[in-house]
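Reader: Could you walk me through the reasoning behind some of the labels used here? I would like to see how each one is reached.

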Amino acid sequence: MNPLISVIIPVYNMESYLKRCLDSVIENTWRNLEILCVNDGSKDSSAEILQEYAKKDPRITVITKENGGLSSARNAGFAKMTGEFVTFVDSDDFVHPQFFELLIQAQKETGADVVNIDFLHVTDEDLPVRWEQCSFDRQQLLKIDCGKCFKEERFRSYVCSKMIKRDCIGEIRFREYIAYAEDSVFIAEVWEKNPGLICYYLDQKLYGYYNRPGSIVNTVRGEDRLSLAKYLLERAALSKENEKIYLGQAKSRLLWYLKNYTFTEPDRAVTKECLRIMRSGLPLIVRSNLFSSREKAHYIFKCFFPRVRSLKTMLKQ
(Lines give C-alpha, C1' and ligand atoms only; values in the text may rest on other atoms or scores of the structure.)
Protein backbone atom coordinates (compact mmCIF):
# COMPACT_ATOMS: atom_id res chain seq x y z
CA MET A 1 0.00 0.00 0.00
CA ASN A 2 1.31 3.46 -0.89
CA PRO A 3 1.75 5.61 2.23
CA LEU A 4 0.10 9.03 2.38
CA ILE A 5 2.43 12.03 2.52
CA SER A 6 1.16 15.27 4.01
CA VAL A 7 2.66 18.31 2.28
CA ILE A 8 2.41 21.52 4.31
CA ILE A 9 2.74 24.73 2.27
CA PRO A 10 2.56 28.03 4.21
CA VAL A 11 1.46 30.95 2.01
CA TYR A 12 1.77 34.67 2.65
CA ASN A 13 1.65 37.16 -0.26
CA MET A 14 3.24 34.79 -2.76
CA GLU A 15 1.15 35.45 -5.87
CA SER A 16 4.27 35.74 -8.06
CA TYR A 17 5.62 32.31 -7.12
CA LEU A 18 2.68 30.26 -5.85
CA LYS A 19 1.60 28.65 -9.14
CA ARG A 20 5.14 27.44 -9.82
CA CYS A 21 5.24 25.87 -6.36
CA LEU A 22 1.81 24.21 -6.60
CA ASP A 23 2.44 22.91 -10.12
CA SER A 24 5.66 21.25 -8.99
CA VAL A 25 3.81 19.46 -6.17
CA ILE A 26 0.63 18.34 -7.96
CA GLU A 27 2.54 17.15 -11.03
CA ASN A 28 4.81 14.88 -8.97
CA THR A 29 5.05 11.21 -9.87
CA TRP A 30 3.94 10.21 -6.34
CA ARG A 31 0.19 10.69 -6.34
CA ASN A 32 -0.83 9.79 -2.77
CA LEU A 33 -0.46 13.29 -1.34
CA GLU A 34 -2.43 15.39 1.12
CA ILE A 35 -1.57 18.98 0.16
CA LEU A 36 -2.29 21.40 3.01
CA CYS A 37 -2.00 25.02 1.85
CA VAL A 38 -2.17 27.49 4.73
CA ASN A 39 -3.14 31.01 3.67
CA ASP A 40 -1.58 33.06 6.46
CA GLY A 41 -3.61 36.25 5.98
CA SER A 42 -2.37 37.07 2.47
CA LYS A 43 -3.33 40.50 1.13
CA ASP A 44 -2.55 39.78 -2.53
CA SER A 45 -4.20 37.28 -4.89
CA SER A 46 -2.68 34.22 -3.19
CA ALA A 47 -6.06 33.20 -1.72
CA GLU A 48 -7.69 33.22 -5.15
CA ILE A 49 -4.86 31.15 -6.62
CA LEU A 50 -5.23 28.57 -3.84
CA GLN A 51 -8.99 28.28 -4.41
CA GLU A 52 -8.43 27.90 -8.15
CA TYR A 53 -6.02 25.00 -7.60
CA ALA A 54 -8.21 23.39 -4.92
CA LYS A 55 -11.08 23.22 -7.45
CA LYS A 56 -9.01 21.30 -9.98
CA ASP A 57 -7.14 19.00 -7.55
CA PRO A 58 -9.10 17.35 -4.70
CA ARG A 59 -5.87 16.56 -2.86
CA ILE A 60 -5.51 20.25 -2.00
CA THR A 61 -7.02 21.59 1.24
CA VAL A 62 -6.91 25.34 1.80
CA ILE A 63 -6.64 26.47 5.43
CA THR A 64 -7.32 30.17 5.98
CA LYS A 65 -6.13 32.02 9.07
CA GLU A 66 -5.08 35.45 10.29
CA ASN A 67 -1.45 36.36 9.75
CA GLY A 68 0.72 34.80 12.43
CA GLY A 69 4.00 34.06 10.70
CA LEU A 70 5.67 31.02 9.19
CA SER A 71 5.68 28.86 12.32
CA SER A 72 2.05 29.62 13.03
CA ALA A 73 1.10 28.62 9.47
CA ARG A 74 3.02 25.34 9.66
CA ASN A 75 1.37 24.56 12.99
CA ALA A 76 -2.03 25.15 11.40
CA GLY A 77 -1.09 22.55 8.81
CA PHE A 78 -0.19 20.09 11.56
CA ALA A 79 -3.69 20.44 12.99
CA LYS A 80 -5.18 19.02 9.76
CA MET A 81 -2.46 16.50 8.89
CA THR A 82 -3.41 12.82 8.52
CA GLY A 83 -0.47 11.40 6.51
CA GLU A 84 1.99 8.79 7.69
CA PHE A 85 4.80 11.14 6.66
CA VAL A 86 5.09 14.92 6.43
CA THR A 87 7.11 17.20 4.18
CA PHE A 88 7.28 20.99 3.96
CA VAL A 89 7.50 23.14 0.84
CA ASP A 90 7.78 26.92 1.09
CA SER A 91 5.51 28.70 -1.37
CA ASP A 92 8.32 30.51 -3.21
CA ASP A 93 10.20 27.22 -3.72
CA PHE A 94 9.49 24.15 -5.86
CA VAL A 95 10.42 20.47 -6.00
CA HIS A 96 11.81 17.90 -8.44
CA PRO A 97 9.10 15.96 -10.38
CA GLN A 98 10.14 12.77 -8.49
CA PHE A 99 10.67 14.46 -5.13
CA PHE A 100 8.15 12.44 -3.10
CA GLU A 101 8.70 9.18 -4.99
CA LEU A 102 12.44 9.17 -4.27
CA LEU A 103 11.90 10.09 -0.62
CA ILE A 104 9.49 7.16 -0.20
CA GLN A 105 11.87 4.78 -2.00
CA ALA A 106 14.68 5.78 0.36
CA GLN A 107 12.42 5.29 3.37
CA LYS A 108 11.26 1.86 2.23
CA GLU A 109 14.84 0.79 1.55
CA THR A 110 16.12 1.86 4.96
CA GLY A 111 13.14 2.00 7.33
CA ALA A 112 14.24 5.56 8.17
CA ASP A 113 12.28 7.87 10.46
CA VAL A 114 13.69 10.85 8.57
CA VAL A 115 14.95 11.07 5.00
CA ASN A 116 17.16 14.07 4.28
CA ILE A 117 17.94 15.42 0.78
CA ASP A 118 19.93 18.31 -0.69
CA PHE A 119 18.87 21.71 -2.05
CA LEU A 120 19.30 23.16 -5.48
CA HIS A 121 19.91 26.87 -4.87
CA VAL A 122 18.43 28.98 -7.65
CA THR A 123 18.11 32.66 -8.53
CA ASP A 124 16.13 34.34 -11.31
CA GLU A 125 19.08 33.75 -13.63
CA ASP A 126 18.78 29.98 -13.11
CA LEU A 127 15.09 29.77 -14.01
CA PRO A 128 13.39 27.83 -15.42
CA VAL A 129 15.10 24.75 -13.98
CA ARG A 130 15.27 21.74 -16.26
CA TRP A 131 15.30 18.81 -13.87
CA GLU A 132 16.96 15.57 -14.94
CA GLN A 133 15.18 12.23 -14.73
CA CYS A 134 16.35 10.42 -11.58
CA SER A 135 16.59 6.75 -10.69
CA PHE A 136 16.89 5.53 -7.13
CA ASP A 137 20.41 4.37 -6.24
CA ARG A 138 21.10 2.81 -2.84
CA GLN A 139 24.73 3.90 -3.15
CA GLN A 140 23.53 7.48 -2.68
CA LEU A 141 22.20 6.72 0.80
CA LEU A 142 24.18 7.64 3.89
CA LYS A 143 23.07 7.01 7.46
CA ILE A 144 23.61 10.08 9.64
CA ASP A 145 23.20 11.00 13.29
CA CYS A 146 21.81 14.19 14.77
CA GLY A 147 25.28 15.58 15.47
CA LYS A 148 26.18 15.46 11.78
CA CYS A 149 22.83 16.89 10.77
CA PHE A 150 23.44 20.03 12.81
CA LYS A 151 27.21 20.34 12.57
CA GLU A 152 27.81 19.65 8.87
CA GLU A 153 26.34 22.07 6.34
CA ARG A 154 25.93 19.27 3.82
CA PHE A 155 23.07 17.65 5.74
CA ARG A 156 21.29 20.84 6.84
CA SER A 157 18.70 21.13 9.58
CA TYR A 158 15.92 22.74 7.53
CA VAL A 159 12.50 21.06 7.51
CA CYS A 160 12.17 21.61 3.75
CA SER A 161 15.02 19.15 3.16
CA LYS A 162 13.27 16.30 4.97
CA MET A 163 10.45 13.80 5.02
CA ILE A 164 9.58 12.92 8.62
CA LYS A 165 7.54 10.07 10.04
CA ARG A 166 4.49 11.55 11.73
CA ASP A 167 4.84 9.36 14.83
CA CYS A 168 8.25 10.89 15.56
CA ILE A 169 6.74 14.37 15.78
CA GLY A 170 3.93 13.65 18.21
CA GLU A 171 2.90 16.87 19.92
CA ILE A 172 6.01 18.83 18.96
CA ARG A 173 5.18 22.08 17.20
CA PHE A 174 7.11 25.04 15.82
CA ARG A 175 7.91 27.63 18.48
CA GLU A 176 6.11 30.70 17.20
CA TYR A 177 8.14 33.17 19.25
CA ILE A 178 11.38 32.18 17.51
CA ALA A 179 11.66 34.44 14.46
CA TYR A 180 14.70 32.91 12.79
CA ALA A 181 15.69 29.28 11.96
CA GLU A 182 12.63 28.01 13.80
CA ASP A 183 12.79 24.88 11.67
CA SER A 184 16.24 24.02 13.05
CA VAL A 185 14.83 24.19 16.57
CA PHE A 186 11.89 22.01 15.53
CA ILE A 187 14.18 19.34 14.04
CA ALA A 188 16.39 19.43 17.13
CA GLU A 189 13.38 18.87 19.38
CA VAL A 190 12.27 15.93 17.22
CA TRP A 191 15.70 14.39 17.77
CA GLU A 192 15.52 15.13 21.49
CA LYS A 193 12.16 13.33 21.70
CA ASN A 194 13.44 10.32 19.70
CA PRO A 195 16.97 9.37 20.89
CA GLY A 196 17.07 6.31 18.61
CA LEU A 197 15.80 8.17 15.55
CA ILE A 198 17.07 6.74 12.24
CA CYS A 199 17.98 9.32 9.60
CA TYR A 200 19.28 8.74 6.09
CA TYR A 201 20.67 11.24 3.62
CA LEU A 202 19.84 10.79 -0.07
CA ASP A 203 22.59 12.53 -2.02
CA GLN A 204 20.42 14.18 -4.66
CA LYS A 205 19.35 17.80 -5.23
CA LEU A 206 15.57 17.43 -5.21
CA TYR A 207 14.35 20.69 -3.66
CA GLY A 208 14.50 23.99 -5.55
CA TYR A 209 15.37 26.67 -3.00
CA TYR A 210 14.62 30.05 -4.53
CA ASN A 211 16.92 32.72 -3.13
CA ARG A 212 14.48 35.62 -2.98
CA PRO A 213 15.88 39.03 -1.85
CA GLY A 214 12.90 39.77 0.41
CA SER A 215 12.76 36.35 2.06
CA ILE A 216 12.88 35.90 5.84
CA VAL A 217 16.42 34.54 5.80
CA ASN A 218 17.65 37.64 3.95
CA THR A 219 15.91 40.19 6.18
CA VAL A 220 16.21 38.71 9.67
CA ARG A 221 17.49 41.01 12.42
CA GLY A 222 20.71 40.39 14.35
CA GLU A 223 18.76 40.22 17.62
CA ASP A 224 16.72 37.31 16.28
CA ARG A 225 19.81 35.41 15.16
CA LEU A 226 21.34 35.80 18.61
CA SER A 227 18.18 34.88 20.52
CA LEU A 228 18.22 31.59 18.62
CA ALA A 229 21.88 30.91 19.51
CA LYS A 230 21.18 31.70 23.16
CA TYR A 231 18.24 29.29 23.18
CA LEU A 232 20.38 26.53 21.63
CA LEU A 233 23.10 26.99 24.27
CA GLU A 234 20.52 26.83 27.05
CA ARG A 235 19.09 23.58 25.65
CA ALA A 236 22.59 22.12 25.20
CA ALA A 237 23.43 22.76 28.87
CA LEU A 238 20.53 20.60 30.12
CA SER A 239 22.09 17.17 29.48
CA LYS A 240 24.80 15.27 27.61
CA GLU A 241 22.25 14.04 25.10
CA ASN A 242 21.03 17.58 24.49
CA GLU A 243 24.62 18.70 24.06
CA LYS A 244 24.98 16.39 21.04
CA ILE A 245 21.85 17.84 19.48
CA TYR A 246 22.14 21.58 20.16
CA LEU A 247 25.74 22.58 20.84
CA GLY A 248 27.22 22.19 17.36
CA GLN A 249 24.45 24.30 15.88
CA ALA A 250 24.84 27.02 18.54
CA LYS A 251 28.59 27.23 17.96
CA SER A 252 28.36 27.41 14.17
CA ARG A 253 25.64 30.06 14.24
CA LEU A 254 27.57 32.30 16.65
CA LEU A 255 30.78 32.06 14.64
CA TRP A 256 28.89 32.67 11.40
CA TYR A 257 27.26 35.78 12.82
CA LEU A 258 30.58 37.07 14.14
CA LYS A 259 32.27 36.52 10.78
CA ASN A 260 29.57 38.11 8.63
CA TYR A 261 28.17 40.91 10.79
CA THR A 262 30.60 41.94 13.53
CA PHE A 263 31.82 45.06 11.78
CA THR A 264 28.95 45.76 9.41
CA GLU A 265 26.04 45.56 11.86
CA PRO A 266 24.74 49.14 12.44
CA ASP A 267 23.92 48.29 16.05
CA ARG A 268 27.24 47.56 17.75
CA ALA A 269 25.33 46.54 20.87
CA VAL A 270 24.23 43.42 18.99
CA THR A 271 27.85 42.52 18.27
CA LYS A 272 28.68 43.03 21.93
CA GLU A 273 25.81 40.71 22.85
CA CYS A 274 27.13 38.12 20.40
CA LEU A 275 30.48 38.07 22.19
CA ARG A 276 28.78 37.86 25.57
CA ILE A 277 26.76 34.83 24.49
CA MET A 278 29.85 33.22 22.94
CA ARG A 279 31.81 33.60 26.17
CA SER A 280 28.93 32.28 28.25
CA GLY A 281 29.05 29.09 26.20
CA LEU A 282 32.83 28.76 26.42
CA PRO A 283 32.93 26.20 29.29
CA LEU A 284 30.43 24.00 27.45
CA ILE A 285 32.40 24.16 24.19
CA VAL A 286 35.75 23.44 25.83
CA ARG A 287 34.67 20.34 27.74
CA SER A 288 32.58 18.87 24.93
CA ASN A 289 33.94 15.94 22.90
CA LEU A 290 31.98 17.08 19.85
CA PHE A 291 34.80 19.32 18.68
CA SER A 292 38.45 18.85 17.82
CA SER A 293 41.19 20.73 19.70
CA ARG A 294 41.58 22.97 16.67
CA GLU A 295 37.87 23.84 16.60
CA LYS A 296 37.94 24.65 20.31
CA ALA A 297 41.05 26.81 19.92
CA HIS A 298 39.40 28.73 17.06
CA TYR A 299 36.29 29.36 19.15
CA ILE A 300 38.32 30.57 22.16
CA PHE A 301 40.38 32.82 19.91
CA LYS A 302 37.28 34.43 18.39
CA CYS A 303 35.76 35.01 21.83
CA PHE A 304 38.61 37.35 22.75
CA PHE A 305 40.06 38.52 19.41
CA PRO A 306 37.01 38.93 17.16
CA ARG A 307 38.63 41.55 14.94
CA VAL A 308 41.61 39.38 14.01
CA ARG A 309 41.03 36.98 11.15
CA SER A 310 43.24 34.21 12.59
CA LEU A 311 45.92 33.50 15.19
CA LYS A 312 48.44 33.23 12.36
CA THR A 313 47.52 36.75 11.22
CA MET A 314 47.93 38.10 14.76
CA LEU A 315 51.40 36.54 15.17
CA LYS A 316 52.53 38.08 11.88
CA GLN A 317 51.52 41.51 13.18
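**Labels and the values behind them**

Author: Happily! This is a predicted model. Let's begin with Glu 241, which is partly exposed because its relative accessible area is 47%, between the cut-offs of 20% and 50%. Its salt-bridge partner is Lys 244, and Lys 244 is partly exposed too, at 41%.

Reader: What makes Lys 244 and Glu 241 a salt bridge?

Author: Their closest N and O atoms are 3.4 Å apart, and the rule asks for a side-chain nitrogen of Lys or Arg within 4 Å of a carboxyl oxygen of Asp or Glu, so the pair qualifies. Both residues lie in helix 10 (residues 240-261), three residues apart, or about one turn of the helix.

Reader: Why is Arg 74 called buried?

Author: Its relative accessible area is 1%, and buried means under 20%, so the label fits. Arg 74 forms a salt bridge with Glu 182 at 3.3 Å, N to O. That pair links helix 3 (residues 70-80) with helix 7 (residues 182-193), 108 residues apart. Glu 182 is also buried, with a value of 8%.

Reader: How do you know that Asp 118 and Lys 205 tie together separate parts of the chain?

Author: Their salt bridge has its closest N and O atoms 3.3 Å apart. Asp 118 lies in strand 6 (residues 114-122) and Lys 205 in strand 9 (residues 199-210), so the bridge connects parts 87 residues apart in sequence. Asp 118 counts as buried at 11%, while Lys 205 is partly exposed at 46%.

How values were computed
Residues numbered from 1 in each chain as written. Predicted model: local features only at pLDDT ≥ 70, side-chain atom pairs only at ≥ 80, totals over all residues. Heavy atoms only, no water. Helix = DSSP H or I, 4+ residues; strand = E, 2+ residues; numbered from the N terminus. Buried < 20%, exposed > 50% of the residue type's maximum accessible area, 1.4 Å probe, protein only.
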